[in-house]
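Please look through the sequence and the model below before reading on. The paragraphs that follow go from the overall fold to individual side chains.

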Amino acid sequence: MFGRVDPDTGESSHPPMELVRLAIPRRVYTQSHIDYVIEATAEVFRQRERIRGLRIIEEPQALRHFTAKFEEV
């Protein structure tokens, strides 16, 4: 989300920390929805060694993390 592309060189700069934000709107989901999110997150963590990274191949000027296009690394 906070990485940037140098306009002169075209190279990506990486932020000091790589964070994932999980936003859940209040009063919208039931406990079973939250339980599912916890189970899915735990499963991703269990398979973290098998999951490959992604590289941004196309991005807009603003809010690139919402509408960027990716490919597997």
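A residue is called buried here when its relative accessible area is under 20%, exposed when it is over 50%, and partly exposed in between. The model is a predicted one, and by this definition 4% of the 73 residues of the protein chain count as buried.

The protein chain holds two helices and four strands, and read along the sequence these elements follow the pattern β-β-α-β-α-β. Its radius of gyration is 16 Å, well over the 11 Å that the globule rule gives for 73 residues, so the chain is more spread out than a compact globule. Along the principal axes, the C-alpha trace spans about 50 × 30 × 20 Å.

Separations between individual positions add detail to this picture. Gly 3 sits in the segment before β1, which covers residues 4-5, and Gly 3 is buried because its relative accessible area is 5%, under the 20% limit. From the C-alpha atom of Gly 3 to that of Pro 16, 13 residues away along the chain, the separation is 9.1 Å. Pro 16 also serves as a reference point for Asp 35, since the C-alpha atoms of these two residues, 19 residues apart along the chain, are separated by 31 Å. Asp 35 belongs to helix α1, and with a relative accessibility of 33% it counts as partly exposed.

Two further pairs can be described in this way. Ala 62 lies in the loop between β3 and α2, the latter formed by residues 64-67, and its relative accessibility of 53% makes it exposed. Although Ala 62 and Gln 47 are 15 residues apart along the chain, their C-alpha atoms are separated by 32 Å. Tyr 29, for its part, is found in the loop between β2 (12-13) and α1 (31-46), and its C-alpha atom is 29 Å from that of Gly 53, 24 residues away along the chain.

Tyr 29 brings us to the surface of the model. Together with Leu 22, Ile 24 and Val 28, Tyr 29 makes a nonpolar surface patch of about 390 Å². The relative accessibility of Tyr 29 is 44%, so this residue counts as partly exposed, and that value is compatible with membership of the patch because patches are made of residues with over 30% relative accessible area and no salt bridge.

How many aromatic pairs are there by the rule applied to the rings? The count comes to zero. A ring does take part in another kind of contact, however, for Arg 48 lies over the face of Phe 45, at 3.9 Å from the ring centre.

Charged side chains give a further set of contacts. Side chains of opposite charge can pair when their charged atoms come close, and in this model the count comes to four salt bridges. One of them joins Arg 46 to Glu 43, with the closest N and O atoms 2.9 Å apart. Because Arg 46 and Glu 43 are three residues apart in helix α1, they are separated by about one helical turn. Arg 46 counts as exposed, at 57% relative accessibility, whereas Glu 43 counts as partly exposed, at 33%.

Another salt bridge is formed by the side chains of Arg 52 and Glu 72, with an N to O distance of 2.0 Å. This pair links distant parts of the chain, with Arg 52 in the loop between α1 and β3 (54-58) and Glu 72 in strand β4 (residues 69-72), 20 residues apart. Arg 52 has a relative accessible area of 52% and is therefore exposed.

Strand β4 also contributes Glu 71, which forms a salt bridge with Arg 55, the closest N and O atoms being 3.0 Å apart. Here too, distant parts of the chain are linked, as Glu 71 lies in strand β4 and Arg 55 in strand β3, 16 residues apart. Glu 71 is partly exposed, with a relative accessible area of 35%, and Arg 55 likewise counts as partly exposed, with a relative accessibility of 41%.

Technical notes:
Residues numbered from 1 in each chain as written. Predicted model: local features only at pLDDT ≥ 70, side-chain atom pairs only at ≥ 80, totals over all residues. Heavy atoms only, no water. Patch = residues over 30% accessible without salt bridge, like charges linked within 9 Å, V, L, I, M, F, W, Y side chains within 5 Å. Areas by Shrake-Rupley, 256 points an atom, 1.4 Å probe, with all protein chains shown as cover. Buried < 20%, exposed > 50% of the residue type's maximum accessible area, 1.4 Å probe, protein only. Phe/Tyr/Trp six-rings, centres within 6.5 Å; stacked < 30°, edge-to-face > 60°. Lys NZ or Arg CZ within 6 Å of the ring centre and 35° of its normal. Rg over C-alpha atoms; globule rule 2.2 N^0.38 Å.
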